[in-house]
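Here is a short tour of how the chains in this model fit together. Have the sequence and the 3D view open as you read.

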Amino acid sequence: MLALGLLILASILLLGLTFWRRRAPASLRLIEAYERLNRSVGLAVENGTRLHISLGRGNFLTSRGGSALAGLAMLRRLAERTSVSDRPPVVTSGDASLAILSQDTLQAGYRAAGAEDQYRFSTGRLAGLTPFSYASGALATIHDENISANIMMGDLGAESALLVEASDREDTSLIAASDDLSAQAVFFAASQEPLIGEELFAAGAYVGAGASHEASLHVQDILRWLIILAMLVGSLLKIVGAPI
Amino acid sequence: MAEIRCPNCGRNNPDLLDVCQFCQTPLKPESVLRIGEKPIKKNTGELESVLPDWLKDVRQQAKDAAEEQEAAQAAAGSRSQKNEPPDLLAGLASQAGSGEDEDVPDWLANINPTAKAKPATPPASADTGSDFFAQFNEKESGPEPGSQPPQEDAPSWMDSSRDQSPAPEQKDELSEWFTQASGRADEIVESDNEQSDVGWRSSFDSPAAPAQNLPAEEEDLSWLHNLEAASKQTGDLQSPQKETGWTAEFETPATPSPSPSSQDDLSWLDRLGGMDEPSQSAAEQSSAAQDDPGWLNQFGGTPDVPKASQPSVPQEDLSWLNNLGAGSEPQPVDAAPNQPISAQPFAADADLDWLNNLGGTPDASQMAKLPSGPEEIKPSEEDLSWLNNLGKPAEPLTPAASPEDLSWLNDLGGEPEPLSTPPFAQSEDEKVSPRHTAPLSQKAAEESEPDWLKSAAQAPSMPAPGDLSMDWFSGKADREKTPPSTPQKNPFESDIFSTPEEPAPLSNQDVDSLFSVEMPDWLSRPEPGTAESVSQPTGSSSAEGDESLAPVDLPSWVQAMRPVEAVITETTPSVSDQPAETEGPLAGLHGVIPIAPAGSAKRPKPVSLMLQASDEQQASAKLLEQILGSETSPRALITSSVVTSQQWLRWVLTGLLLLVLSAGILLRSQNMPVSASLPNTVGGVSNAVLSIPANAKILVVVDYEPSLAGEMEAVGGPLLDQIVMLSQPNLSFVSTSPNGAALAERLMANTKINQIAPIYLNLGYLPGGSAAVLGFIESPGQILPSAGVGSFSEYSALVVLTDHAESGRAWVEQLQNRKIADPVLINQPLLMVASAQAGPLLQPYVASGQITGMINGLADAARYEFVNNSRPGIARSYWDTFGIGLMTSVALIIVGGLWSLFTGVRARANAEQG
Amino acid sequence: MRVVTAAFAIAAGVIVLLGYFFPDQLGPLRVMLLDWAVIIAGMAVLVGIYNLAAVQMEKFRAGQKGGTYGILLVIALLITFGFGVVLGPENQYMQLTMNAVIVPVEASLMAILAVTLLYASIRLLRRRVDVMSVVFLVVAVIFLILVMPTPFGPILGDGATQVAMNFLGMFSGGGARGLLIGIALGTLLTGLRVLFGADRPYGGN
């Protein structure tokens, strides 16, 4: 019931804050990685290079699907912005269903930009079914597709170190975020502006995906404070010997 | 295109034509004076039609006052002929009845009808040695049938003039002149100013010509006789020393020398309107200016210097009147209207004194005298100096003092004036007397002026149509200023559009006298500053002769037309430097209206062409320029070396690690000790294995990737080996990854467990992730029928081999949830075999008791294997190599990190300095 | 059409979610939907594999860089798929494929990863010099030293090593849990957005 209550509370807060943010857009804190993301997107469009967007290997049937959905929301906005580029972005995935969704998202972005005829199915790819096979396939994309910026948003593991190293070799910009701790450790050591923790889920808000994304961030903050409060209270109760 | 009015038919013709296109009359008669030619008399009767309204009004007034002058005329008839002023308007009277001239004023036509009867005397004979007023005296002696009525209409001052001069003769001449002028006026239909000016002047210049066309009607010119008489009294006609008026120019060309001793004092009238006088007369201008009748010079000024009329002067003075209205002679129409009319000495200054007072500020005595009646007028002392004041410039053009005061007429419309001389500037010394036709004698001039003269003395509001110089707008202060002694040009001979080089400023008095309407103060009152500036150059000349025309200040718009260099001031005058306004609503204010004249070369401030850009903008512009320049310039290819430093480092690291690790493996070193104490978490695993019953079903979940198969086999091997060794269970392998089935097989093979437990069940791939896990836990037979179990509780233990915490957490969480529903599952151990990267994340579950025991990484596996009698031995074999590898890595990290730190700091320092 | 897909997606998600809270009422429906999802996911794998092969073939046909490897990939895929269908996944030849190809390859990649991580650790201070980078490296080195077997045994001894490990684990564990909680909250809100239709990654968004 606690979970159900938390779910209901999150739903109410999400709905209310979404309507509020539609009227008053939020002022988000500066995240260097997303600033560089926007610049990289613009540069890629201007100089005719590609964007490589890696959505990881998140499976929608597992809890890692959330990061995959966050990556798809970002992909939607980037696809719309880069539709005018001479070289469309390439999206690699480590999961088949994620690869299919990435293709559909690309097409939706092109459609929204009025350039649906420029969509190519090959831009949304299944790089591999295993993490390292996925990394291997993504490595080939980074080295061979004239990539100017690598954007890794999703469920990535330690194998992302290979992608980071390849990005460093090609002297491309890297914006990476994962829900996996080992990947976050790798990103922290290898990238300039690492995204840690739930900053992955803020990608939609920073690329202008909508008011609901901004509201989600606020709800996360509210719930986090509630959890902190609950943990402190519970710890105190446990210390005092309350039967919890 | 300038037009020339035909003197015969009066129609306008282009100036390019030599003959009239209507009547074939030469438009440019031979008598037009050119350079070197001698002036000839002109018929002033042509100017009848171009007479300004004020003059017409004067005539009308004269007509009205003619009756009053009859008695005075009769009284003045006893005077000597010498003293009688010449019939100035005799020529006009002769032309009064000629033609269809509608503009012939009645007063002019009625003044001297006897003048028409007089044949056109040769201009030469009329001019040479003939006194202007003498003609009038001669005429007066003769019958003048037509002169009686006009005489009645003549103003009183004219009666005085008649008394002074030989009335009959002069009267006849005057009447004749008037007649001629009237007759000529019929021919002159054009009201064009230029033509009218030309005609008017030409009529004056050639008195003999109009004599032929003198109207038969004889006009009463008694008023003019009175005028003559008055002028004689004043001596204007007698003393031709300062004749600078326009009358001096009216002498016939036969007597071009404007000698003061010339007895043809009426020559100025001959030249009145004669614009064709060549510039050669400029040399004679100095003297010609002296010949101008003083009365015209003093037009508008005070007759300060009444001149006694000389006995011979009256005769000579009236000669011009003979020429007035003479249209037979071709009138000289000057194509160069700026040519001044050579002024001839007008000896009869005294006789023209009355003219001097015409329009000027009348003296109190004069004003009192004028209306008193004609008896006060002394024709012998007529002062015609007022006529000299007509068109009097602001300063005398020539320094020579001339008895003739009619030079102002020459200045009308075009005499170069100093640019600094404002139109209204009047010298302080100038005393512009109101223009009024003062008695020809000085005495008469002092008498009261007739009404029409008073009105003429008033400040005119508008200049005459023929006034080409804005000198007419000289202020009223000119009234008190002495008329300039220099000869004045005929104002009518200059074009209205003439260059400002020849402005003929008139004093205000002259202006006032010319105009019958009162001029506004602002127009008549000269500016103080300009008045002073004008007064300076004109002061000398004004001091020279009393009959010199008062300098006239140019109006501002005329000054603006002056040469630029004369008025350009580079520096903008400050407010304090600018004079204060003296009149109007801006009186007393400084600098309200900029004094910079129109058309001045006052340049605006130079605007810098430099683009005002800030430093940031300039920097951006430079950057853009560099970018644009780099676009066209070939960019040197950055050739990187085949092997970079970073690649070298990678190779070195790889080689080093390979070397070390290979050595350890190949050497099968087992020198590094393994601790025998098991961690708590590992101890729980041992205890759980001991509690598994024999032949139990154990579910083994293989959720690791092939990449970590080696580690997992090393870590999971000892546990599975112990379980198999102790319980000989029935193992069931399941995997939530597609590779799990194969990996399970590999595990069994590599750990050689299959040799111990050859029978095991490989359930394969369990799709669906956590949901599948939950479903399998709830009903394994339904999810995987090949599992062979009805419920999950049939498994005695659950062993999960995972390399990522997500999978382990999923099994833990789903099992924990199921344990709540099924209490049987509470005692079912959950053993976790995790890789080193997943172990820390599963520790909380271990600590919470959800995981019974966990073997985390190779370290725990090695210890557990040691306890298990070193079976299978994979972990122990890896232990030494593992240690060496770690030590190498640590060393590399420490050394490399420090080196990177040093190089990084140095690079940043260089970057900051660069 | 977009409304239909959105409605179905939202309905399915709500049912599955509520099925966890109300198993008696919505349990079977949840299981059914999950089964459908599993089946779709399985078929999605096949579609994904087809996409993979198509992309590689496109690269080979277009003559792009790496096209040769693409065609090899396709060939290998076809062979493996054929053997698997014919022989079964438990066949020794299929096991040979796993043992000889898949595992070694990925193991090698893992080894490369180790070198890569080592290299990244060495270059960390050159790339970014700040407190957290230094702390990161120091903690990593300490942990490695603690777990590193030496010829002399544990450097700090078993007890001290355990204490040190627990001490380090306290901070790392706490931080990790905080990250995981944040990630969980993000995942929660992301799922709610999908349930409310704010995010529709299934096309037409």
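## Where chain A meets chain C

Let's start with charge: there is one salt bridge between chain A and chain C. The partners are Asp144(A) and Lys65(C), whose side chains come together with an N to O distance of 3.7 Å. Keep in mind that this is a predicted model. Alongside that, five residue pairs are in polar contact between chain A and chain C, counting pairs with both residues at pLDDT 80 or more.

Which parts of chain A do the touching? On the side facing chain C, the elements that put in two or more residues are helices H1 (2-23), H3 (65-81), H4 (96-113), H5 (131-144), H6 (160-169), H7 (181-190) and H9 (211-240), plus strand E3 (124-126), of chain A. Sorted by type, the residues on that side of chain A come out as 36 nonpolar, 20 polar and twelve charged.

## How much the A–C contact covers

Interface size is often quoted as the accessible area lost when the parts come together. For chain A and chain C, the buried area is about 5100 Å², and 72% of that sits on carbon and sulfur atoms. Which residues of chain A lose the most area to chain C? They are Leu7(A), Phe132(A) and Phe188(A), and together they account for 12% of what the chain A side buries.

In terms of head count, the contact draws 68 residues from chain A and 57 residues from chain C.

## Chain C's other partner

Chain C also touches chain B: 39 residues of chain C are in contact with 48 residues of chain B. The two chains bury about 3800 Å² between them, with carbon and sulfur atoms holding 72% of it. On the chain C side, the biggest losses of area to chain B fall on Tyr119(C), Ile122(C) and Pro149(C), together 17% of what that side buries.

How many salt bridges turn up between chain C and chain B? Zero. There are, though, five residue pairs in polar contact between chain C and chain B, again with both residues at pLDDT 80 or more. The side of chain C that touches chain B takes at least two residues from each of helix H2 (23-62), helix H4 (92-127), helix H5 (131-147) and helix H6 (157-196) of chain C. H4(C) makes the largest contribution to that side, with 17 residues. The make-up of this side of chain C is 25 nonpolar, five polar and nine charged residues.

## A closer look at Gln56(C)

Here's a single residue worth clicking on. Gln56(C) lies in helix H2 of chain C. Is Gln56(C) buried or exposed? Its relative accessible area is 14%, so Gln56(C) counts as buried, the cut-off being under 20%. Setting aside neighbours within four places in sequence, Gln56(C) is in contact with Gly70(C), Leu73(C) and Val74(C).

## Chain A on its own

Back to chain A for its fold. Chain A has nine helices and five strands, and from the N terminus on its elements run α-α-β-α-β-α-β-α-β-α-β-α-α-α.

Of the 244 residues in chain A, 61% are buried. Among contacts in chain A with a separation of 6 or more, 73% join residues 24 or more positions apart. As for the outside, the accessible surface of chain A comes to about 9300 Å², and carbon and sulfur atoms make up 59% of that surface.

Conventions
Residues numbered from 1 in each chain as written. Chains lettered and ligands numbered in written order. Predicted model: local features only at pLDDT ≥ 70, side-chain atom pairs only at ≥ 80, totals over all residues. Heavy atoms only, no water. Contact = heavy atoms within 4.5 Å. Buried area = accessible area lost by both parts, 1.4 Å probe. Salt bridge = Lys/Arg side-chain N within 4 Å of Asp/Glu carboxyl O. Polar contact = N/O pair within 3.5 Å; in protein donor to acceptor, adjacent residues only side chain to side chain. Helix = DSSP H or I, 4+ residues; strand = E, 2+ residues; numbered from the N terminus. Nonpolar A, V, L, I, M, F, W, Y, C, P; charged D, E, K, R; others polar. Buried < 20%, exposed > 50% of the residue type's maximum accessible area, 1.4 Å probe, protein only. Areas by Shrake-Rupley, 256 points an atom, 1.4 Å probe, with all protein chains shown as cover.
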